[in-house]
Amino acid sequence: MGCATSGTAIPQDSTTMAEVYEEAMQQSGGEKIDNVRSEVSQQVDISQHEGLARYTRDSQNEINNLFPILSNPMLTMYVYPHLAGDEQLPVPGYTTGFTLYEKNHYAMLGEKS
């Protein structure tokens, strides 16, 4: 089943997106979008904000992941020779490995040194 309306779902005599945009630009004090973009795109000096520097990636800390993967040890299991399936086919003994946890988990900032 779907929903039904008696008329059209989209209003016909509504403002256009261009009109909504122009109205929003006028309410912002008349600033042109290019002026606002140039202010936003100015480079921020991270050294002014010492507390934020360790949370910000740059070329020096890019290699050192901020959220390191926690240890997920590999377990080894030996499967003894056995007969498998309805036809009881022989399976030789073998060793297999699997991780202790189903997925990798990540440390929070500062949780692992």
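This is a short dialogue on reading some features of a predicted model.

Visitor: What should I know before I start?

Guide: Residues are numbered from 1 along each chain as its sequence is written. The model is predicted, local features need pLDDT of at least 70, side-chain atom pairs count only at pLDDT 80 or more, and totals for chains, interfaces and linings use all residues, while side-chain values use heavy atoms and leave out hydrogens and water.

Visitor: How many helices and strands are there in the protein chain?

Guide: Helices (H or I, at least four residues) and strands (E, at least two) are DSSP runs, numbered from the N terminus. Here you will find three helices and four strands, and along the sequence they read α-α-α-β-β-β-β.

Visitor: What percentage of the residues count as buried?

Guide: Buried means under 20% relative accessible area, exposed means over 50%, and partly exposed lies in between (1.4 Å probe, protein chains only). In this protein chain of 113 residues, 4% count as buried.

Visitor: Which residues make a nonpolar surface patch?

Guide: Patches are made of residues with over 30% relative accessible area and no salt bridge (a side-chain nitrogen of Lys or Arg within 4 Å of a carboxyl oxygen of Asp or Glu). Like charges are joined within 9 Å, and nonpolar side chains (Val, Leu, Ile, Met, Phe, Trp, Tyr) within 5 Å. Accessible areas come from the Shrake-Rupley method with a 1.4 Å probe; for residues, only the protein chains shown count as cover. In this model L75, M77, F98, L100 and Y101 make a patch of about 430 Å². Y101 sits in the segment after β4 (94-99) and is partly exposed, at 40% relative accessibility.

Visitor: How do the rings of Y78 and Y80 pair?

Guide: Rings of Phe, Tyr and Trp (its six-membered ring) pair if their centres lie within 6.5 Å; planes under 30 degrees apart count as stacked, over 60 as edge-to-face and the rest as tilted. The count here is one aromatic pair: Y78 and Y80 are edge-to-face, with 5.0 Å centre to centre and 90° between the planes. Y78 is partly exposed at 44%, whereas Y80 is exposed at 62%.

Visitor: And which residues does N104 touch?

Guide: Contact means heavy atoms within 4.5 Å. Leaving aside residues up to four places away in sequence, N104 touches I69 and N72. The side chains of N104 and N72 also make a polar contact at 3.2 Å; such a contact is a pair of N or O atoms within 3.5 Å, and within protein one must be able to donate a hydrogen and the other to accept it, with residues adjacent in sequence counting only if both atoms are side-chain atoms.
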